[in-house]
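Q: Please take a close look at a single part of this model, starting from one side chain and following its surroundings outwards. I would like one connected account, with the cut-offs behind each term.

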Amino acid sequence: MKIIEYKSILSEYNINELSSEHFKLIKLAKKSSLKAYAPYSNFFVGAAIKLSNGKMVTGNNQENSAFPSGLCAERVALFYAGANYPNEKIEKIAIFTKASFNFNQIIMPCGNCRQALIEFEHKQNQNIELILNDQINNILISKSIANILPFAFKCDELKKI
Ligand code: THU
């Protein structure tokens, strides 16, 4: 028997330590969160993606009265990028959350969004930088999605079916 260990490394910043590009992406994610459709959870999430052609695209969570039919902000932004810019790489994604209740923690992407994000990392053979923000200007950065999704599902053989 041997132990297989996985180590995740995240960097914490204050917002005024960030580059103007990071700052712009966070601002876009924040702006997009204001347009989220979240009448059931009152949890408004915005995501902003920077593509390799320099374009920035956004998405926000879209809920539904049949709860599982809704979609998280990350995947709305990601699939918009995939649908409209299939040949561009996704370089960075910033996520911002605002709720009708108080919380003081950095919101991490859910498991489904991590899986959707890592598929893009595999497909484009390039890491996606993840930029997370709390309510009081603390920022967490992960250099890749793999860093926050140990032992991700991947099966190249599926492509051959
Ligand atoms: N949500 C996101 O948009 N992203 C996540 O990573 C986690 C959760 C949304 C889904 C739902 O509309 C609301 O937040 C509450 O779960």
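A: The side chain of asparagine 133 comes within 3.2 Å of the backbone oxygen of asparagine 138, a polar contact (N or O atoms within 3.5 Å; within protein, one able to donate a hydrogen and the other to accept it, with sequence-adjacent residues counting only through two side-chain atoms). This is a predicted model, in which local features need pLDDT of at least 70 and side-chain atom pairs pLDDT 80 or more, whereas totals for chains, interfaces and linings use all residues. Residues are numbered from 1 along each chain as its sequence is written, and side-chain values use heavy atoms, with hydrogens and water left out.

Asparagine 133 belongs to strand β5 (a DSSP run of E, at least two residues; helices are runs of H or I, at least four, and numbering starts at the N terminus). Because its relative accessibility is 4%, asparagine 133 counts as buried (under 20%; exposed is over 50% and partly exposed in between, with a 1.4 Å probe and protein chains only). Apart from neighbours within four places in sequence, asparagine 133 is in contact with Ile26, Ile95, Phe96, Ile106, Asn138 and Ile139, where contact means heavy atoms within 4.5 Å.

One of these partners, Ile95, leads into the largest nonpolar core, where Ile95 is among the residues with the most contacts, together with Ile49, Leu78, Ile90, Ile93 and Leu130. This core has 24 residues (buried Ala, Val, Leu, Ile, Met, Phe, Trp, Tyr and Cys joined through side-chain atoms within 4.5 Å). The elements giving two or more residues to the core are the strands β2 (43-51), β4 (90-99) and β5 (129-133) and the helices α2 (73-84) and α3 (111-124). A second, separate core comprises 11 residues, including Leu18, Ile26, Ile139 and Ile141. Asparagine 133 touches Ile26 and Ile139 of that second group. Leucine 130, with its neighbours within four places in sequence set aside, is in contact with Ile93, Ile95, Pro109, Leu140, Ile141, Ser142, Ile145 and Ile148.

Pro109, a contact of leucine 130, also appears around the ligand, which is surrounded by Ser41, Phe43, Val45, Asn61, Glu63, Cys72, Ala73, Glu74, Met108, Pro109 and Cys110 (each with a heavy atom within 4 Å). A polar side-chain atom of asparagine 61 lies 2.9 Å from an oxygen atom of the ligand, and an N or O atom in the side chain of glutamate 74 is 2.8 Å from a ligand oxygen. From the backbone, a polar atom of cysteine 110 is 3.0 Å from an oxygen atom of the ligand. On its own the ligand has 370 Å² of accessible area, of which the protein covers 76% (Shrake-Rupley method, 1.4 Å probe).

Phe43, another of the residues surrounding the ligand, takes the account on to the aromatic rings. Five aromatic pairs are found in the whole structure (ring centres within 6.5 Å; planes under 30 degrees apart are stacked, over 60 edge-to-face, the rest tilted). The rings of phenylalanine 43 and phenylalanine 101 are stacked, because their centres are 6.0 Å apart and their planes stand at 10°. Since phenylalanine 43 is in strand β2 and phenylalanine 101 in the loop between β4 and α3, this pair ties together parts 58 residues apart in sequence. Both residues count as partly exposed, phenylalanine 43 with a relative accessible area of 22% and phenylalanine 101 at 40% relative accessibility. The pair of phenylalanine 43 with phenylalanine 103 is tilted, because the centres are 5.8 Å apart and the planes at 50°. Phenylalanine 103, also in the loop between β4 and α3, is 60 residues from phenylalanine 43, and it counts as buried because its relative accessibility is 16%. Ring pairs thus link Phe43, Phe101 and Phe103 into a cluster.

Back along the chain from strand β5, asparagine 125 sits in the loop between α3 and β5. In contrast to the buried asparagine 133, asparagine 125 counts as exposed, at 70% relative accessibility. Its phi is positive, about 55°, although it is not a glycine. Phenylalanine 151, in the segment after β6 (138-142), likewise has a positive phi near 55°, and with a relative accessible area of 61% it is exposed.
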